[in-house]
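Open the structure in your viewer and keep the sequence beside it. This tour tells you what to select at each stop and what is there.

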Amino acid sequence: MTILSLHHIFKKYSQAPEYAINDVSFDVKEGEILALVGESGSGKTTLLRLIAGLEHPESGSISLSGQVIVEGRESVPAHERQVGMVFQDYALFPHLTILENVKFGLQKFKGDKEKKVRETLLLVGLKEDFNKYPHQLSGGQQQRVALARAMAPNPKIILMDEPFSNLDAMLKDQVREEIRQIIKKTGVTAILVTHDTRDALSTADRIAILHKGYLQQIDIPKMLYEKPVNPYVANFFGKRNEILATPTAEGFYTPFGFIKDKKAGDYKGKVKLLFRPEHAEVVQNDDQQLIGTIFKVSYFGDHQIVKIADEEGKRISIRTNPGRTFEGIEKAFFYLWKYDVEEAF
Ligand code: ADP
Ligand code: MG
């Protein structure tokens, strides 16, 4: 069931030369975690603020739970939207305690506010003294308070802007999983903004990718990674190699050798073979395979990247296990076990 729909949203800031959001439409399903990704300035925060009612679009409409909350210039005010927002800097009130910060969101709540606050703080796993002030808490704890404040009034959707950006790498892996569990436990729908593809791939049910205010693709993580709709999306999710090849009825001629593949018969002119570093494998000496010159081997602890050059010096990257040694080896044999073919021109 769809809970949030955006239809043809355009947004331009008054001083800006270009639109920050260009004709963006998508749906979010109830209970889903959608990650909104894109580089800095792509419009992620703007889109969250439009949904929350903190900005207004030039045109387009938004509905939440079947209610139209934005229709062109007309809109339901932010405080009546039942949207919970967690800001990038958490935006906690410094002069209020944990308890008071969370209670702040419950001004219109009918029922036992004190009880609701404690329940929500337990839900987000905060075990600190609730009478502490924000400056007495770590970044991770402040984030939980901000999440509790947003969740306490039972919003229809939670919007989180870069929730992991202020956490160091070690803490991040843990917090990412915890946040996902908290959200899933309550069944609330969430949109989570991040510029980190690893966060998005591991946390989200689906991912929407923005570039210059345009929505590029929205799909499950596996599809974005394996079936990107354009080069921008492909490269955003990590390295993708390209080899220029000439098709014949039997296969592809490449600068690294010949690849037997009947599929080549479907193509006329030059093509590009596209594959990710983990979709190729370096193998033992074998004249059935492709061959190139080892240019560089980089060790990353849990894997290595071997850069292999063709005769003109054009390089590709292949991922291998960390235990392999390439010392004293000049040529590498490899094969591609998965690749896409695209017409080159
Ligand atoms: P992101 O969150 O993806 O980094 P933003 O939504 O913050 O991107 O910004 C999108 C574009 O809108 C950028 O070009 C940014 O400079 C511009 N922008 C954001 N906020 C304002 C503002 N208040 N006034 C003018 N331009 C803005
Ligand atoms: Mg932002």
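## Stop 1: helix α4

Select α4 and show what surrounds it: the buried residues of this helix pack against β7 (83-86), α2 (98-104), α3 (113-123), β8 (157-161) and α5 (169-186). Keep in mind that this is a predicted model.

Now colour α4 by burial. Of its 13 residues, 11 are buried, so the helix is mostly covered by the definition of buried as under 20% relative accessible area. The buried ones are G140, Q142, Q143, R144, V145, A146, L147, A148, R149, A150 and M151.

Next, use the distance tool on the C-alpha atoms at the two ends of α4, which runs over residues 139-151. What span should 13 residues give at 1.5 Å a residue? The expected span is 18 Å, and the end C-alpha atoms are 18 Å apart, which agrees.

## Stop 2: the nonpolar cores

In soluble globular proteins, nonpolar side chains tend to be buried together. The largest nonpolar core here has 32 residues, and L121, L147 and I158 touch the most other members. Two or more residues of this core come from each of α2, α3, α4, β8, α5 and β9 (189-194). Which element gives the largest share of this core? That is α4, with 6 residues.

Select L147 and display its contacts. Setting aside residues up to four places away in sequence, L147 touches V86, V124, I158, M160, I179 and I182.

A second core, separate from this one, has 28 residues. To find it, select L6, V83, I191 and L210, which are among its members.

## Stop 3: T120, facing α4

Go to T120 in helix α3. Is T120 buried or exposed? Its relative accessibility is 5%, so T120 counts as buried. Apart from neighbours within four places in sequence, T120 is in contact with A148, M151 and A152. Of these contacts, A148 and M151 also appear among the buried residues of α4.

## Stop 4: the largest pocket

Select A78, H79, V83, G105 and P153, the residues closest to the centre of the largest pocket among the 22 that line it. The space in this pocket is about 800 Å³. Both β7 and α4 supply at least two residues of its lining, and β7 gives the largest share, 3 residues. Colour the lining by class: 14 residues are nonpolar, 5 are polar and 3 are charged.

## Stop 5: the second largest pocket

Move on to the second largest pocket, with a volume of about 350 Å³. Its lining has 18 residues, and those closest to its centre are Y225, F237, G238, E278 and R319. Here α6 (197-203) and β18 (304-309) each supply at least two lining residues. Which element gives the most to this lining? The answer is α6, with 4 residues. By class, this lining has 6 nonpolar, 5 polar and 7 charged residues.

## Stop 6: S298 in a strand

Select strand β17, residues 290-299, and pick out S298 within it. S298 has a relative accessible area of 18%, and the cut-off for buried is under 20%, so S298 is buried. Leaving out residues up to four places away in sequence, S298 touches H303, Q304 and I305.

Then draw a line from the C-alpha of S298 to the C-alpha of E177: the two residues are 29 Å apart in space and 121 residues apart in sequence.

## Stop 7: helix α1

Select helix α1, residues 44-52. This helix is mostly covered, with 7 of its 9 residues buried. Those seven are K44, T46, L47, L48, L50, I51 and A52. Step to G53, just after α1, where the backbone takes a positive phi of about 90°.

## Last stop: the whole chain

Zoom out until the whole protein is in view. The secondary structure comes to 8 helices and 21 strands. Along the principal axes, the C-alpha atoms fill a box of roughly 75 × 45 × 40 Å. Of the 345 residues in the protein, 47% are buried. Among contacts with a separation of 6 or more, 64% are between residues 24 or more positions apart.

Technical notes:
Residues numbered from 1 in each chain as written. Chains lettered and ligands numbered in written order. Predicted model: local features only at pLDDT ≥ 70, side-chain atom pairs only at ≥ 80, totals over all residues. Heavy atoms only, no water. Expected span 1.5 Å × (residues − 1). Buried < 20%, exposed > 50% of the residue type's maximum accessible area, 1.4 Å probe, protein only. Contact = heavy atoms within 4.5 Å. Core = buried A, V, L, I, M, F, W, Y, C linked by side-chain atoms within 4.5 Å. 1 Å grid on protein atoms, 1.4 Å probe; cavity = no way out; pocket = protein on both sides within 12 Å on 5 of 7 lines; lining within 4 Å. Points joined across faces, edges and corners; volume = space filled by probe spheres on them. Nonpolar A, V, L, I, M, F, W, Y, C, P; charged D, E, K, R; others polar.
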